[in-house]
Amino acid sequence: MTSDILIIAARELSNAVEAMRFAPPVTHVYNPLTYAWAIHERYIRRYGEGKKRVVFLGMNPGPFGMAQIGVPFGEIALARDWLGLEGAVGKPLQINPQRPVEGFACSRSEVSGRRLWGLFRERFCTADAFFAGHFVANYCPLAFFVGGRNLTPDKLPLSEQTPLLAACDAHFRALVAALEPEWVIGVGTWAETRARAALAGITDSYRIARILHPSPASPAANRGWAEAATRQLIGLGVWRL
């Protein structure tokens with residue numbers, strides 16, 4: 001089963017990155033594939049079965065999304081009410097007091113996830129209809145913090161990025177080999193860049209492109225992200241009018 005392959009690949013990725021160490025200024029590293037594994041596995045079991053036409057690829061967990069519940073772009077309310085996911089979540093070994101993990105009890109909204117999953121809900125109505133031809137994954141499973149500030153993996157020194165990217169590339173290749181998508185859509189420029197790097201030499205099998213990242217840090221995303229992303233996807237031919 002496709003979902004079995006994805007679960008094995010996710011466990012291998014989790015084990016690989018769990019052994020890595022990151023120097024200051026990084027103060028805390030969260031791996032939700034450990035403490036939120038039960039929810040992540042449930043997500044894959046429910047929505048990762050069968051081939052997919054489109055794979056959306058994010059960067060890494062947001063502090064109020066996947067870092068809380070193990071679901072890519074996992075805005076709490078939409079993950080619970082639209083994706084139908086729920087359950088207990090554990091704790092990281094080293095807790096960042098400025099970014100506690102509260103699981104589905106987290107009251108903060110992950111804006112990027114609210115925008116992304118909100119668009120999919122608006123267009124497809126049901127999660128099952130969306131996942132019939134789509135899947136959403138994150139390239140890197142780790143969340144990095146400098147105190148209360150989120151640090152994205154592209155800001156790590158090269159000596160720390162190199163083994164991390166190698167593990168993430170291997171996982172992503174396993175994921176697309178299992179799902180056999182026609183399209184790989186990076187959510188943001190960095191995710192597209194990593195998809196191209198991971199699939200270098202075999203990109204003829206996949207069409208790779210990107211959409212605007214839904215981060216509230218992006219002025220363009222704050223001027224109507226759903227409309228902009230929809231236009232991009234229709235313009236690429238991923239979606240129809």
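In the next few minutes I will walk through one sheet in this structure and the helices that lie across it.

Please keep in mind that this is a predicted model, in which local features need pLDDT of at least 70, side-chain atom pairs count only at pLDDT 80 or more, and totals for chains, interfaces and linings use all residues. Residues are numbered from 1 along each chain as its sequence is written, and side-chain values use heavy atoms, with hydrogens and water left out.

Let me start with the sheet, an open one in which four strands (DSSP E runs of at least two residues, numbered from the N terminus) follow the order E3-E2-E6-E7 with parallel pairing, where two strands pair if DSSP finds at least two bridges between them. E3 and E7, the latter spanning 207–211, stand at the edges with a single partner strand each, so one side of each is left without a neighbour in the sheet. From one strand to the next, the twist averages 25 degrees.

E2, residues 54–58, is joined to E3 by five bridges, and Val55 has Phe135 of E3 as its bridge partner. E6, residues 183–187, pairs with E7 over five bridges, with Val187 opposite Ile211.

Now, is E3 enclosed or open? Five of the five residues of this strand, 134–138, are buried (under 20% relative accessible area, 1.4 Å probe, protein chains only), so E3 is largely enclosed by the rest of the structure. His134, Val136 and Asn138 cover one side, as it were, and Phe135 and Ala137 the other, all of them buried.

Technical notes. Buried means under 20% relative accessible area, exposed over 50%, partly exposed in between (1.4 Å probe, protein chains only). Axes are lines fitted to C-alpha atoms, for helices over the stretch in contact, and angles run from 0 to 180 degrees between N-to-C directions.
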